[in-house]
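Me: I should like a close look at a single part of this model, namely a nonpolar patch on its surface. Please set that part in the context of the whole chain.

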Amino acid sequence: MSNILEEILAANEAYAESFGEKKNLALPPSRRFAILTCMDARLDPAKYAGLSEGDAHVIRNAGGRASDDAIRSLVISYKLLGTREWFVIHHTDCGMALFTDEAIRGLLASSLKTASIDETGWHDSGEGPGSTEGQFIDWLAFKDETSSIVEDVQRIRNHPLVPREIPIYGFVYDVRSGRLLEVREASEVGRAVGARA
């Protein structure tokens, strides 16, 4: 058993011992909102948004992008579990701005081993085999977090399965200060139209 596995199992054992009344949490999130954000390990939505277990849905992927699967989760979040507001939160210093779709496709075609980056760009270990299957994936890389926030909020806002009355807010999390900074253009694009019944 790896050290990481042992650590996780030990932490879970300690957590379960004091689980208590959390067993009675309801399935729908009590604060009725959802967050779409990045998987970056420096981001802790529970801390930066003041969440406790049972408060909100948190959907995470590389870049916090409005992928088909993220939208699928948001639709389930409101349609079946009653969320009424959504936050799209990207962050500064995001790894998704360090490559292009073409670059990752090339790296994967060369090798499936972990690549490295330096001042000259990405480098593969050269140890094959690789796979060309990466050409069929939209990796959703971007150049800057502000334009990607606007793009993602707009994609969600215009999706035919998303009601117009759900407000969608756009924010950037600053990894140097811990602050959420609103991207006003994104929040304006995500503005709710009409009232909920």
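Reply: In this predicted model, M1, L5 and L9 together make a nonpolar surface patch of about 320 Å². One member of the patch, L9, lies in helix α1, which covers residues 3-17. The relative accessibility of L9 is 46%. Because buried means under 20% and exposed means over 50%, L9 counts as partly exposed at that value.

The patch may be set against the surface of the whole chain. The chain exposes about 11,900 Å², and carbon and sulfur atoms supply 54% of that area. Of the 197 residues in the chain, 35% are buried. As to charge, the chain carries 22 positive and 30 negative side chains, and the centres of these two sets are 9 Å apart.

The fold that carries helix α1 may be described next. The chain has six helices and seven strands, and their order along the sequence is α-β-α-β-α-β-α-β-β-α-β-β-α. The C-alpha trace spans about 55 × 45 × 35 Å along its principal axes. When contacts between residues at least 6 apart in sequence are considered, 63% of them join residues at least 24 apart.

Two further positions, S125 and K79, may be placed beside L9 in this account. S125 sits in the loop that runs between β5 (121-123) and α5 (145-157). With a relative accessibility of 38%, S125 counts as partly exposed, and L9, at 46%, likewise counts as partly exposed. Apart from neighbours within four places in sequence, S125 is in contact with S111 and K113. From D93, S125 is separated by 32 residues in sequence and, C-alpha to C-alpha, by 24 Å in space.

K79 belongs to helix α3, which comprises residues 68-79. Its relative accessibility is 60%, and K79 therefore counts as exposed, since the cut-off for that class is over 50%. Between K79 and E127 there are 46 Å in space, C-alpha to C-alpha, and the two residues are 48 apart in sequence.

To return to the part requested, the nonpolar patch is formed by M1, L5 and L9, with L9 placed in helix α1.

Terms used
Residues are numbered from 1 along each chain as its sequence is written. This is a predicted model: local features need pLDDT of at least 70, side-chain atom pairs count only at pLDDT 80 or more; totals for chains, interfaces and linings use all residues. Side-chain values use heavy atoms; hydrogens and water are left out. Helices (H or I, at least four residues) and strands (E, at least two) are DSSP runs, numbered from the N terminus. Buried means under 20% relative accessible area, exposed over 50%, partly exposed in between (1.4 Å probe, protein chains only). Contact means heavy atoms within 4.5 Å. Accessible areas come from the Shrake-Rupley method with a 1.4 Å probe; for residues, only the protein chains shown count as cover. Lys and Arg count as positive and Asp and Glu as negative; His and the chain ends are not counted. The place of a charge is taken as NZ of Lys, CZ of Arg, CG of Asp or CD of Glu. Patches are made of residues with over 30% relative accessible area and no salt bridge: like charges are joined within 9 Å, nonpolar side chains (Val, Leu, Ile, Met, Phe, Trp, Tyr) within 5 Å. A salt bridge is a side-chain nitrogen of Lys or Arg within 4 Å of a carboxyl oxygen of Asp or Glu.
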